[in-house]
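I opened a fresh notebook page for this one. These are my short notes on what I looked up, in the order I went through it.

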Amino acid sequence: MLIVPLAASTAVDAQAQSQQGVVQPLRLAQEAVRTDPYFLTRAKNLARQAAERENGGLSKYRAEATMYGPAVDSSYVENEDGSVTFSFKGGPPGFTTPTLETVATVAPTGTVAIGYNGPIRPAGAEAAEPASTEPTPTATDPVPEVPSPIIDQIKDLVE
């Protein structure tokens with residue numbers, strides 16, 4: 001099994017950086033998402049795990065089947081800032097009719113922000129709520145400690 005760090009850095013060489021001047025952290029984060037083929041899968045798992053925590057753990061909650069299968073089969077939107085927003089339903093273990101809806105946004109750093117977690121809303125209701133493009137870090141979802149000047153720039157931008 002291949003273990004890949006949660007926050008992958010981009011392949012930007014130092015010489016190219018010095019010729020271009022200051023590199024913007026947001027652009028680097030977006031490039032990291034595009035160059036990391038595993039980001040979508042990790043993001044899906046992080047979103048599902050955040051919903052599981054919010055709803056009392058696996059003994060009380062299970063997400064719908066698409067959140068356990070291939071990431072491309074899940075309901076998600078790629079945001080301009082490089083984050084990915086997942087919308088999915090769930091309920092108690094063994095449910096046949098879901099009772100809860102979760103909207104979770106995962107930033108390129110692995111930070112998860114729950115935008116909505118509650119009863120299933122009528123179709124179209126989620127569009128009425130403004131979407132947050134800036135995920136809010138929480139104490140339960142810390143930014144992983146990866147020694148990298150790029151990650152440090154991203155952390156500074158998020159704070």
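Before starting, I wrote down the cut-offs for exposure: buried means under 20% relative accessible area, exposed means over 50%, and partly exposed lies in between. I also noted that this is a predicted model.

**Entry 1: the overall layout**

I began with the elements. The protein chain has five helices and five strands, and from the N terminus on they run α-α-α-β-β-β-β-β-α-α. Next came burial: of the 159 residues, 38% count as buried. The chain exposes about 9,300 Å², and carbon and sulfur atoms supply 57% of that area. I then checked contacts with a separation of 6 or more, and residues 24 or more positions apart account for 55% of them.

**Entry 2: how the strands pair**

Which strands does S3 pair with? I found S1 (residues 62-63), antiparallel over two bridges, S2, antiparallel over three bridges, and S4, antiparallel over seven bridges. On the S1 side, arginine 62 stands opposite glycine 91 of S3. On the S4 side, phenylalanine 86 stands opposite alanine 104.

I followed S4 (residues 100-106) onward to S5 (residues 112-119); seven bridges join these two antiparallel strands. Here threonine 102 has asparagine 117 in S5 as its bridge partner.

I looked at two hairpins as well. S2 and S3 have five residues between them, and glycine 82 in the turn has a positive phi of about 95°. The hairpin of S4 and S5 also has five residues between its strands, and there glycine 110 takes a positive phi near 95°.

**Entry 3: is S3 enclosed or open?**

I counted burial along S3 for this one. Six of its eight residues are buried, so S3 is largely enclosed by the rest of the structure.

**Entry 4: rings**

My search for aromatic pairs gave one. The ring centres of tyrosine 76 and phenylalanine 86 are 5.9 Å apart and the planes sit at 45°, so I logged the pair as tilted. Tyrosine 76 lies in S2 (residues 76-78) and phenylalanine 86 in S3 (residues 84-91), so the pair ties together parts that are ten residues apart in sequence. I also noticed that tyrosine 76 and phenylalanine 86 are bridge partners.

Are the two rings' residues buried or exposed? With a relative accessible area of 26%, tyrosine 76 is partly exposed, while phenylalanine 86 counts as buried at 0%.

One more ring caught my eye: arginine 121 lies over the face of tyrosine 116, at 3.8 Å from the ring centre.

**Entry 5: the nonpolar core**

The largest nonpolar core has 17 residues, and Ala47, Met67, Phe86, Phe88, Val106 and Val112 touch the most other members. H3, S3 and S4 each supply at least two residues, and H3 has the largest share, seven.

I then took phenylalanine 88 by itself. Beyond four places in sequence, its contacts include Ala47, Ala51, Met67 and Leu100, along with Arg48 and Glu64.

**Entry 6: arginine 48**

That Arg48 contact sent me back to helix H3 (residues 39-54), where arginine 48 is found. At 10% relative accessibility, arginine 48 counts as buried. What does it touch? Leaving aside neighbours within four places in sequence, arginine 48 is in contact with Ala63, Met67, Tyr68 and Phe88.

Definitions and conventions
Residues numbered from 1 in each chain as written. Predicted model: local features only at pLDDT ≥ 70, side-chain atom pairs only at ≥ 80, totals over all residues. Heavy atoms only, no water. Helix = DSSP H or I, 4+ residues; strand = E, 2+ residues; numbered from the N terminus. Buried < 20%, exposed > 50% of the residue type's maximum accessible area, 1.4 Å probe, protein only. Contact = heavy atoms within 4.5 Å. Areas by Shrake-Rupley, 256 points an atom, 1.4 Å probe, with all protein chains shown as cover. Pairing = 2+ DSSP bridges. Phe/Tyr/Trp six-rings, centres within 6.5 Å; stacked < 30°, edge-to-face > 60°. Lys NZ or Arg CZ within 6 Å of the ring centre and 35° of its normal. Core = buried A, V, L, I, M, F, W, Y, C linked by side-chain atoms within 4.5 Å.
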